[in-house]
Amino acid sequence: MSPVVEASALEKRYADFVAVAGIDFRIEKGECFGFLGPNGAGKTSTMRMLQSVSLPSAGQLRVLGMDPLHDGKRIRTRLGVCPQADNLDPDLPVLDNLLVYGSYFPQARALTARRADELLDFVALGDKRDHAIPELSGGMKRRLVIARALINDPELLLLDEPTTGLDPQARHLIWTKLRELRARGVTMVLTTHYMDEAERLCDRLVIMDHGKVLAEDTPRALIETHVGHEVFELGATAAESRDFLAGVELCGAVHEHTGDLLVVFLTKKHDLSERLIERARQAGARYLLRNASLEDVFLKLTGRELEE
Amino acid sequence: MSAETSFFHGAARVAGRNLTVWRRYAAASALGNFGEPLLYLIALGYGLGRVVPPIDGLSYPEFLAPALIVSTVMYTATFEGTFGAYTRLTTQGTFDAILATPVTVSEIVAGEILWGGLKSAFGATVVLTVVRAFGLVPSWLALGVVPLGFLAGAMFYAMALCMTALSKSYEFFNYYFTLVVAPMYLFSGVFFPLEGAPPWAHRLAQVLPLTHVVAVSRGLVRGQPTWSTLGHAAVVLGCAAAAMAVAARLLRRRLQI
């Protein structure tokens, strides 16, 4: 089966900087594919190219088997977009937001009206049909944006940081809805800088930084390949961590020191955790042994320093 | 689902979105269109008019009325094309949201201008009704100011949209209103006849699009169109086409980063 999205050597250059510096990826039908990266990594530029609003500067891109350069209109007819910025129409009440948005697509008004009703129920806003947009909470607005993105029953749903700025309850509700959509077979592309979000939702993901892809795999495989299965953290200054490491055989386990933290990445074969804990106790230092997460992969690949 | 939407579908739905919003505030909007020209008509037409001698055989209110219809059009279209469109372009992200659908930038521009024309034609109709009530409309040809209002409204809206595409803030529009719109209002033959003005002033007035709109409106409302009325109409049409082309170019640049 042909992929839903296929990109090779894809680039986006603006007048004074390169946002996307030649990336390759394939997104298969029915999967949830993630773009993970710090701010400015090139995620949103990539999304805008998938959306066929901004055109690639170089490289190949095919979306739903079509070329965005010539078929932008037809691509967008079959696309759902949940943008990062909240751009619901504050001049219109909840239901009209869906009806007016639906009118931009080539579908009958009655069909749009029926879907609008179903979608408001789906995102649990059925009792808010006549409310004004400014009356909605952040989570309700985001759910409405998702409902709006589904008004044309899209084959591909683009979600640009769908839960940024929401409280935990609101995030979990949105994740539930997105998993329901995935179960229905909707292909999804997601950008996020929340690792837990990517781990929960994405079948496969790429980690991006400075417009380049640093790694691509399933969340599980990324963690195992780049970090291991456990992480040992020790509160220690640079000098303290030198002393600490001098007294223990690391057997090749990778470690890093930044600021006031020593981090040791452990795979199953190392079997070091007991010795590290013992040594930390002797030194009377604060320590933590925890499961490795996508965040460790992310920080390892993109660096712990603040990028601005 | 049909494969693709037409250019007209996109433009009509963009205009339709604005119409849907406007319907919620239609009463306030109509009051604005109705109240201000009425005040000018009373204060200037009948107040100041008492000491103004007849112009080409017309009383001052008769002279003023056709011009008030189209100056309302200019202000309606200009406000909507600057503050209204700028809000949709920036703070509300309306255009960004629409661009995620099959609607294109060109369709947004066309739909916005179509909307500017419709809203202006509505404003022209309201003012026409008002001045008709004062017995200042002798001819049925005056109904022509409705399509004229649409055309002139589309032109002024497109001009305003150019400013919107260039603007970085609401304050920027002060330049446009003070340097372009206000002089146009005052020196386009709305309040005094251009005939008899010094030749340089007369020539200068010909550069202002409103001058030609006022001339067409007078010809229609008085029921005495001439060949020169047709000439003025052609100038309005030309200006409208040019302003739309420039607006489309500027807005495409602004929206498609």
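**Exercise 1. Describe how strand E1 of chain A pairs with E2(A), and place both strands in their sheet.**

Solution. Strand E1 (residues 5–13) of chain A pairs with E2(A) in the antiparallel sense, over seven bridges. This description, like those that follow, refers to a predicted model. Within the pairing, A:Leu10 stands opposite A:Ile23 in E2(A).

The next step is to identify the sheet. The strands belong to an open sheet of three strands, whose order in chain A is E2-E1-E4, with antiparallel pairing. Strand E2 (18–27) and strand E4 (58–63) of chain A are its edge strands, since each pairs on one side only. On average, neighbouring strands of this sheet are turned by 20° against each other, direction ignored.

Finally, a helix is added to the picture. Helix H1 (residues 43–50) of chain A lies across E1, E2 and E4 of chain A, and this helix runs at about 120° to E1(A).

**Exercise 2. Determine why A:Glu233 counts as partly exposed, and state which residues A:Glu233 touches.**

Solution. First, the residue is located: A:Glu233 lies in strand E10 (residues 230–235) of chain A.

Second, its neighbours are considered. A residue is buried if 20 or more other C-beta atoms lie within 10 Å of its own, and exposed if 12 or fewer do. A:Glu233 has 16 C-beta neighbours inside 10 Å and therefore counts as partly exposed.

Third, the contacts are listed. Leaving aside residues up to four places away in sequence, A:Glu233 touches A:Leu261, A:Val263, A:Tyr287 and A:Leu288. A further pair may be noted: A:Glu233 and A:Ile277 are 44 residues apart in sequence, and their C-alpha atoms are 9.9 Å apart in space.

**Exercise 3. Characterise the side of chain B that touches chain A.**

Solution. The count comes first: 24 residues of chain B are in contact with 23 residues of chain A. The elements of chain B that give two or more residues to this side are helix H1 (7–24) and helix H4 (94–99). By character, the residues on this side of chain B divide into ten nonpolar, ten polar and four charged.

**Exercise 4. State the confidence that the predictor assigns to chain B and to the complex.**

Solution. For chain B the mean pLDDT is 94, and 98% of its residues reach 70 or more. Among the elements of chain B, confidence is lowest in helix H2 (residues 26–47), at a mean of 90, and highest in helix H6 (residues 145–166), at 98. For the complex, the predictor gives an ipTM of 0.90 and a pTM of 0.89.

Note on methods: Residues are numbered from 1 along each chain as its sequence is written. Chains are lettered from A and ligands numbered from 1 in the order in which they are written. This is a predicted model: local features need pLDDT of at least 70, side-chain atom pairs count only at pLDDT 80 or more; totals for chains, interfaces and linings use all residues. Two residues are in contact if their C-beta atoms, placed from the backbone, lie within 7 Å. Helices (H or I, at least four residues) and strands (E, at least two) are DSSP runs, numbered from the N terminus. Ala, Val, Leu, Ile, Met, Phe, Trp, Tyr, Cys and Pro count as nonpolar, Asp, Glu, Lys and Arg as charged, and the others, Gly among them, as polar. pLDDT is the predictor's confidence in each residue, from 0 to 100. Two strands pair if DSSP finds at least two bridges between them. Axes are lines fitted to C-alpha atoms, for helices over the stretch in contact, and angles run from 0 to 180 degrees between N-to-C directions.
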